[in-house]
Amino acid sequence: GAGADNDLYINQAIVFIEDAIQYRSINHRVDSKSLWLYRWYYSRTCQWILSLTITVILALAFIEEPSSLTVTSDVRYRLPAWNPPCGLTESIELLCFLVFVVDVSVKSYLIGWKEFWKNKWLMAYILTLIVSLTDWIVSLSFFCKESVRIRRILRPFFLLQNSSMMKKTLKSINSTLPEMASVVLLLAVHLSLFTMFAMLLFARTKDNQQDKEWVVYFRNLPESLTSLLVLLTTANNPDVMIPAYSKNRAYSIFFILFTVLGNLFLMNLLTAIIYNQFRGYLLKSVQSSLFRRRLGIRAAFEVLSSLKETPASAQQSCVSVGALLQVLQKAEMDSRCKQAIMRSLKMRSCDQLSAAQFQKLFEELDKDAIKQHPPSPEYQSHFMQKMQFAFGHPYFGYLGNVVALANIISICVVLVMDADKQPSERDDFFLGAINCFFILYYLLEMLLKILAMGLKRYLSYPSNRFDGLLTVILLVLEIATFAVYGFPHPGWRPEFMGLLSLWDMVRLVNMLIVFRFLRIIPNMKFMALVVTTLLDLVKNLRAFAGILVVVFYAFAITGIMLFQGAVVPLGNTSVGPTNSWNIGPTTSMTLLWLTQEITLYFMEKNVISWCSADFQAEVIYDLFYILSVHLICRWAKIYFVAWWLISSVIWVNLFVALLLENFIHKWDRRCQRESLSDIEYQRTVELMFRDVLEEPTEEELMEKLHQHPHLQLCR
């Protein structure tokens, strides 16, 4: 009947509006049961379960054999790692696979059979599950003793396919690759030409004493190529040129030309190309997101205009305000946007909305999130008003910054004076006294600001919350110090008592005081601009961090399989290559972070450091050592050069491109927008490009709606 149809239209409009809010595609089934399943699938509970499942299956690598569950990585001190029995991690893995099977089944059903064959991600999802389950069965048939587990490399795919923004980012990167490949090819030509020149310049002579350059760096083609590749990263500069330079100063011209052409021109040209191309592709991706939002809103309008209560005499399609209010009450959306749209509806004199008016209402979704601070208290007393004016003035905050700077300087003076003294020779009286004075000032400053601004307004500023929290922690630590050791006095050097010695507690207090000095950042406009840019990158560009996790994880697991049992630790001939000295996942992941202690760390896993140092290659730390000592691990060169190209050459430049885009955007907005002290603007990635995006036309929207595989429009 008419009532059932109206309920269906209302539910369809709710789902379409929620799709528009989340930038989701509307090409899914729209019958009553499918809509219920669709909303259940995208509910917070289901998405939380799916995210937890992805986290669990990725974390399994840290407890699977070879396990890395040890407190220390030093083989001299660590206890034997706990390896789970066969079937434990496999059971957890099977549960995760079952969740993924349900996930892909629901997704496939909701979009329909025709759309399924067009969706490459879903087909890859099913293929990944089939390969993983097959490998899981093979693993159990070998009683978990197999060394190669293909499904472990495929695990990051589950994280990748679950994020629409990560998929868009990956698509943008893939579209940028041809332009990047041209510069990488130019780099390869540059490297090859200079390699041939180097082999001709530093050829072997009769005098062995003069052949140090040939012996160490340019003995043959692979070693010459490796030496110049590492020089391109400046990791072996100036070591690579010292033997030749000692022989003849003119040889330095060769290395200077190579470095200038490679580093200053080609590498920076690559950064410029990546910035230019990737920004364009990211802009296209955001443009498609805007189209999805407008399409979802228009689809909601079309189904609501089909309600039986719509006047039949209307010359054009329209939607009643009551129907839209009913939809808004049930839709999951930000309370700020919902209240703003409802206020606009209540202020309208007409009960009907046209398509343009309907679309304009939902432009509230595209606006900056604005946070207004609560008003200050109004005091009746003239004296309190003067107090409020004095302690609420910006100059009072500047005075606090000066005091914090004086505190830092005094701590530096004491640290310099006591740098060479033994702990037993130090007199902590002066440091304890000045800490006590400054902490009392910080407490007084916090109380006076609360008096002037009111507690709610004071807490509404992040800088004040940061300031107040550190002040409270400092006060608690100071009271604890006095309670245990008494008040400061000359010769104040109590013995060790409790969990922390006096010196440890004083150091902790001083570290917090130094950290508190960051309060000056909001008062320095240029520094605040840089910091907010970095914070926006952290908050809004999580998709890039997710793809970086995927790359790290895949390379770490690949490193485990390639270099497992490659080397027996020096001086330990009793340990075979197939026992507990194998490289583990924490080892292979920490290779992305370790520097100085890398050698000892990876010997514990029976693989020398140059076979396990992804992060050293990324930050170009001792890359020559990693690439040159490759006689045992033949895969080391290919592995680490691939890692260097992906992480350091491509990924770092992509991050620089996005950092520049975010910074330039903020700088332009700073120049255009008047500074408002009581309003904070919060931007998302989509809003970053809002000013340059093009609105889709009505013809484009209606053409796309008529192509919907499951929605039949009345017009």
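Visitor: Is Cys 144 buried or exposed in this structure?
Guide: The model is a predicted one. Cys 144 has a relative accessible area of 9%. A residue counts as buried when that value is under 20%, so Cys 144 is buried.

Visitor: Where does Cys 144 lie, and what is its phi near?
Guide: Cys 144 has its place in the loop between α6 and α7. Most residues other than glycine have a negative phi. Cys 144 is a residue other than glycine with a positive phi, and the value is near 60°.

Visitor: Where is Tyr 23 found, and is this residue buried or exposed?
Guide: Tyr 23 is found in the loop between α1 (2-21) and α2 (32-41). Its phi is positive, near 60°, and Tyr 23 is not a glycine. The relative accessibility of Tyr 23 is 14%. The limit for buried is under 20%, so Tyr 23 counts as buried.

Visitor: Which peptide bond is cis, with omega near 10°?
Guide: Most peptide bonds are trans. The loop between α11 (221-232) and α12 (242-247) holds Pro 238. The cis bond, with omega near 10°, leads into this proline; it runs from Asn 237 to Pro 238.

Visitor: How many salt bridges are there?
Guide: Side chains of opposite charge can pair when their charged atoms come close. The rule asks for a side-chain nitrogen of Lys or Arg within 4 Å of a carboxyl oxygen of Asp or Glu. By this rule the number of salt bridges is 13.

Visitor: Which residue meets Glu 64 in a salt bridge at 3.2 Å, N to O?
Guide: The partner of Glu 64 in this salt bridge is Arg 152, at 3.2 Å from N to O. Glu 64 sits in the loop between α3 (44-59) and α4 (88-111), and its partner in helix α7 (residues 150-154), 88 residues apart. Both side chains belong to buried residues, Glu 64 and Arg 152.

Visitor: With which residue does Arg 151 form a salt bridge of 2.8 Å?
Guide: The closest N and O atoms of Arg 151 and Glu 93 are 2.8 Å apart. The two are 58 residues apart, with Arg 151 in helix α7 and Glu 93 in helix α4. Arg 151 counts as buried at 1% relative accessibility. At 0%, so does the partner, Glu 93.

Visitor: Which residue forms a salt bridge with Arg 151 at 2.7 Å?
Guide: A salt bridge of Arg 151, with closest N and O atoms 2.7 Å apart, is made with Asp 135. Arg 151 is in helix α7 and Asp 135 in helix α6 (residues 120-141), so the bridge ties together parts 16 residues apart in sequence. Shared partners join Arg 151 and Asp 135 with Glu 64, Glu 93, Arg 152 and Arg 155 into one network. The partner asked for, buried as Arg 151 is, is Asp 135.

Visitor: What accessible area does the nonpolar patch on the surface have?
Guide: Phe 197, in helix α9 (residues 164-201), is one of the patch residues. Phe 197 has a relative accessible area of 44% and is therefore partly exposed. Together with Leu 185, Val 189, Leu 193, Met 196 and Leu 200, Phe 197 forms a patch with an accessible area of about 610 Å².

Visitor: Are α18 and α19 roughly parallel or antiparallel?
Guide: Helix α18 (residues 394-417) packs with helix α19 (residues 429-453), their axes 11 Å apart and at an angle of about 165°. The crossing of α18 past α19 is left-handed. Angles over 145 degrees count as roughly antiparallel, so α18 and α19 are roughly antiparallel.

Definitions and conventions:
Residues numbered from 1 in each chain as written. Predicted model: local features only at pLDDT ≥ 70, side-chain atom pairs only at ≥ 80, totals over all residues. Heavy atoms only, no water. Helix = DSSP H or I, 4+ residues; strand = E, 2+ residues; numbered from the N terminus. Buried < 20%, exposed > 50% of the residue type's maximum accessible area, 1.4 Å probe, protein only. Patch = residues over 30% accessible without salt bridge, like charges linked within 9 Å, V, L, I, M, F, W, Y side chains within 5 Å. Areas by Shrake-Rupley, 256 points an atom, 1.4 Å probe, with all protein chains shown as cover. Axes fitted to C-alpha atoms, helices over the stretch in contact; angles between N-to-C directions. Parallel < 35°, antiparallel > 145°, perpendicular 65-115°, else oblique. Left-handed = near helix turned anticlockwise from the far one by under 90°.
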